[in-house]
Amino acid sequence: MKVSLRLLRFAPYTLFLLMLVAFAAPKPKLKKTPITKNLTVGIPEGFTALPDDGIAAKYPAPRKPLAVFTNPSGRVDFSVAQKPSTFTSKDYGILLKIYKASIQNAYTKVDFLAEDIRTINKRDFVVLEFVSSVADTRRGGNLAPIRRYQLVQYAIEGDQLMVFTFNCPAEEQAQWQPTAQAMMQSIVLK
């Protein structure tokens, strides 16, 4: 009992130190960048927009993203996609469940760091933050799993679903997670 009481005495100091570190950490420098006439996002210095052929090569899909930004090494990406949806802003609870299940089915293993609905700049978003792994499941396959840190936000805009995705190698998560979170906090949908 004495040990736990002693620890409790230091709890306020520990909390204070954690808050000090959180507020003292430098905020990533972001440049407000228009994606569409009604959408802006803060993009980190050094990130560049991929041209259409670069998007097609990196993200082959019938419906290409509205924009993709990448860091100089090409290992870190932020994309904005839009697709038709019959859901409304009242359906965010069900969207959270659907997209969480979809992510779990897409990867061998998923460790969720966050899964909720947040209000950012007066707009609700479904937020899923996770580390995904894809294992080599081929017979005789011996490749190491591919692990990625991802932060994905979804928002309904009229009859469209907006999807904002940040991803990087999992081993770079500590470096890029504050930037990913700052970028997602910078999204303004008018």
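The questions and answers below concern a predicted model of one chain.

User: What pattern do the helices and strands follow along the sequence?
Analyst: The predicted chain has four helices and 10 strands. Read from the start of the sequence, their pattern is α-β-β-β-α-β-β-α-β-β-β-β-α-β.

User: What is the strand order of the open sheet of seven strands?
Analyst: The pairing in this sheet is antiparallel. Its edge strands, each paired on one side only, are strand 3 (48–49) and strand 6 (109–120). The order is 3-4-5-9-8-7-6.

User: Which residue in strand 5 stands opposite Ala 67?
Analyst: Strand 4 (residues 67–70) and strand 5 (residues 77–84) run antiparallel and are joined by four bridges. Opposite Ala 67, in strand 5, stands Val 80.

User: What angle does the direction of helix 3 make with that of strand 7?
Analyst: Helix 3 (residues 92–106) packs on the sheet and touches strand 5, strand 6, strand 7 (123–134), strand 8 (146–157) and strand 9 (160–169). Between the directions of helix 3 and strand 7 the angle is about 15 degrees.

User: At what angle does helix 4 run to strand 9?
Analyst: Helix 4 spans residues 173–185 and lies across strand 5, strand 6, strand 7, strand 8 and strand 9. With respect to strand 9, helix 4 runs at about 160 degrees.

User: Is Ile 55 buried or exposed?
Analyst: Ile 55 is placed in helix 2 (residues 52–58). Leaving aside residues up to four places away in sequence, Ile 55 touches Leu 50, Pro 60, Lys 64, Pro 65 and Val 68. Its relative accessibility is 1%, and the cut-off is under 20%, so Ile 55 counts as buried.

User: What distance separates the C-alpha atoms of Ile 55 and Val 68?
Analyst: Val 68 is among the residues that Ile 55 touches. The two are 13 residues apart along the chain, and their C-alpha atoms are separated by 6.7 Å.

User: How many residues does the largest nonpolar core have?
Analyst: In soluble globular proteins, nonpolar side chains tend to be buried together. Residues with the most contacts inside this core include Leu 39, Phe 78 and Phe 166. Phe 166 touches Phe 78 and, among others, Trp 176, Ala 180, Met 183 and Met 184. The size of the largest nonpolar core is 42 residues.

User: What percentage of the exposed area do carbon and sulfur atoms supply?
Analyst: Of the 190 residues in the chain, 37% are buried. The chain exposes about 11900 Å². The share supplied by carbon and sulfur atoms is 59%.

Conventions
Residues are numbered from 1 along each chain as its sequence is written. This is a predicted model: local features need pLDDT of at least 70, side-chain atom pairs count only at pLDDT 80 or more; totals for chains, interfaces and linings use all residues. Side-chain values use heavy atoms; hydrogens and water are left out. Helices (H or I, at least four residues) and strands (E, at least two) are DSSP runs, numbered from the N terminus. Buried means under 20% relative accessible area, exposed over 50%, partly exposed in between (1.4 Å probe, protein chains only). Accessible areas come from the Shrake-Rupley method with a 1.4 Å probe; for residues, only the protein chains shown count as cover. Two strands pair if DSSP finds at least two bridges between them. Contact means heavy atoms within 4.5 Å. Axes are lines fitted to C-alpha atoms, for helices over the stretch in contact, and angles run from 0 to 180 degrees between N-to-C directions. A nonpolar core is a set of buried Ala, Val, Leu, Ile, Met, Phe, Trp, Tyr and Cys residues joined through side-chain atoms within 4.5 Å.
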